[in-house]
Amino acid sequence: MAKRIIKLTVNGKTVEKAVEPRMLLIHFLREECQLTGPHIGCETSHCGACTVDLDGESVKSCTHLAVQCDGSTVLTVEGLAQGGVLHAVQEGFYKEHGLQCGFCTPGMLMRAYRLLQENPDPTEAEIRTGISGNLCRCTGYQNIVKAIQYAAKKLKADAEAKQTVAA
Amino acid sequence: MIPPEFDYHAPKTIGEAIALLGSLSEAKLLAGGHSLLPMMKLRFAQPAHLIDINRIPELRGIREEGGEIVIGAMTVERDLIASTILQQKLPLLSEAPRLIADPQVRNRGTIGGDIAHGDPGNDHPAIAIALDASFVLEGSKGRRSVKAESFFHGPYMTELAEDEILCEIRIAPFAGGTGWAYEKLKRKTGDWATAGAAVVMRMSGGTVSAVRIGLTNVAPTALRAAAAEQALLGKALDDAAVDAAAAAAMAIADPQEDLRGDREYKTAMTGQMVKRALRAAAARCR
């Protein structure tokens, strides 16, 4: 089938490539953009290992066609840290040991990143519901929840510090 | 897993989409894609053309029009949950999607896709039946309206003609005092129902004055449990009436055995879900 040219922003950079219509976003990111943070897990939209941010929403990139993303903005785990400083959710997973094997972690981080923008002060139940589309087979989720709580606190403190400076 | 080859089309209007459906052979509409793309990966579906209707703005959104609530078929589950119109006037339809799939899938999955796919495991068909929804279909011969309860013909078979698109779901807002519930037994987040029941009801002077019951995933299509409704009308919602309604719903259940349970278990759970939904709905009738 004829390839289509798509142009999108990935982690702040403009990417323009010709893709087959059947190419999935996860394969586009991994093979065309060399971004192997998003993982291929179940490939049937259950496990969430492929979760990325697409136009400000969490999506499973294994169940999305790259051609559908023409004109879109994508953020993967590679785009979270800024200037060599870990994002609060990454710091949380590090400090609270929110992972064991690490396979689910990039998807968990991207979901946590978006969840805390949708709901900056979530209850434990809201965190658990918020990450219910991401499976972890190691941790039992306890430390993942703690990591997201850590990040929520850090983001709140950072925002308050910024306000104090501005005032 | 990579889907088989297809050609991709992204129309901007309903008219363009209908023209494409009419002119291309072996074409499928792509809505949220969370049923179709997995089916294509597994080669259960191998369309030659995908018509992506995500870039048609007129298919999205929730509005009030002529005393009805009109929901664009491409409205995603997350927007149903967030809709203040639905929260105030059709709360069943903003509450039930929380039981569908997971947050990421609810960002993409659409009410119209869930309905038009014709999968008996999907939740919106039974909910639409309980809500007495009408589906607005548009094709080369124009628009027509079909009641939810006569739309589903069999697994993956619906009233939609080859060149038709489901454009809108139209529902009357709840009258004052309406109670509602959707009870869904599932093993885990993202699972289809082992059995599910949607109830919309009103009470008057201590007896049931109106009730509609839809059943999920206990037959080749979503069902309206009409005999169960009849068993309740004019009765107080006591244990005998609830038991009679559950028995009538179990009598029309024709579930398929799978990893969620055998026919006997699923039939029993059909009764349980009807009982729970009736009690939850009654508690909300005021």
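Let me start with helix α3 (residues 105-118) and helix α5 (residues 142-166), both of chain A, whose axes come within 11 Å and cross at roughly 45 degrees. This is a predicted model, and everything I say about the geometry should be heard with that in mind. An angle under 35 degrees would count as roughly parallel, and 65 to 115 degrees as roughly perpendicular, so α3(A) and α5(A) are classed as oblique to each other. Their crossing is right-handed. On the side of α3(A) the contact is made by A:Met108, A:Ala112 and A:Leu116, while α5(A) contributes A:Ile144, A:Ile148, A:Ala151, A:Ala152 and A:Leu155. If we sort the residues of this contact by character, we find eight nonpolar, no polar and no charged.

Staying with α3(A), we can turn to its other partner on my list, helix α2 (residues 88-95) of chain A, where the two axes come within 9 Å and cross at roughly 125 degrees. Here, too, the helices are oblique to each other, and the crossing of α2(A) and α3(A) is right-handed. The residues that meet are A:Val89, A:Gln90 and A:Phe93 from α2(A), and A:Thr105, A:Leu109, A:Ala112, A:Tyr113 and A:Leu116 from α3(A). In this contact there are six nonpolar residues, two polar ones and no charged ones. If you follow the names, you will see that A:Ala112 and A:Leu116 belong to the contact with α5(A) and also to the contact with α2(A).

Let me move from the helices to a backbone detail in chain A, namely A:Ser45, which has a phi near 70 degrees, a positive value in a residue other than glycine. Where does A:Ser45 lie? A:Ser45 is found in the loop between α1 (25-32) and β3 (51-54) of chain A. With 28 other C-beta atoms within 10 Å, and 20 or more being the requirement, A:Ser45 is buried.

Chain B offers a case of this kind as well, in B:Ala101, whose phi is positive at about 50 degrees although B:Ala101 is not a glycine. B:Ala101 sits in the loop between α5 (91-95) and α6 (103-108) of chain B, and because 25 C-beta neighbours lie inside 10 Å, B:Ala101 counts as buried.

That brings me to chain B as a whole, which contains eleven helices and 14 strands. Along its principal axes, the C-alpha trace of chain B spans about 60 × 45 × 35 Å. For 286 residues, a compact globule would be expected to have a radius of gyration near 19 Å, and the 19 Å of chain B therefore agrees with that expectation. Of the 286 residues in chain B, 49% count as buried. As for the contacts in chain B with a separation of 6 or more, 62% of them are accounted for by residues 24 or more positions apart.

Finally, let me take the two chains together: how many residues of chain A are in contact with chain B? There are 22 residues of chain A in contact with 22 residues of chain B. Within the side of chain A that touches chain B, strand β4 (residues 57-60) of chain A gives the most, with four residues. That side of chain A divides into five nonpolar, twelve polar and five charged residues, which can be set beside the eight nonpolar, no polar and no charged residues in the contact of α3(A) with α5(A).

Definitions and conventions:
Residues are numbered from 1 along each chain as its sequence is written. Chains are lettered from A and ligands numbered from 1 in the order in which they are written. This is a predicted model: local features need pLDDT of at least 70, side-chain atom pairs count only at pLDDT 80 or more; totals for chains, interfaces and linings use all residues. Two residues are in contact if their C-beta atoms, placed from the backbone, lie within 7 Å. Helices (H or I, at least four residues) and strands (E, at least two) are DSSP runs, numbered from the N terminus. Ala, Val, Leu, Ile, Met, Phe, Trp, Tyr, Cys and Pro count as nonpolar, Asp, Glu, Lys and Arg as charged, and the others, Gly among them, as polar. Axes are lines fitted to C-alpha atoms, for helices over the stretch in contact, and angles run from 0 to 180 degrees between N-to-C directions. Angles under 35 degrees count as roughly parallel, over 145 as roughly antiparallel, 65 to 115 as roughly perpendicular and the rest as oblique. A crossing is left-handed if the near helix is turned anticlockwise from the far one by less than a right angle, and right-handed if clockwise. The radius of gyration is taken over C-alpha atoms; the globule rule is 2.2 Å times the number of residues to the power 0.38. A residue is buried if 20 or more other C-beta atoms lie within 10 Å of its own, exposed if 12 or fewer, and partly exposed in between; C-beta atoms are placed from the backbone.
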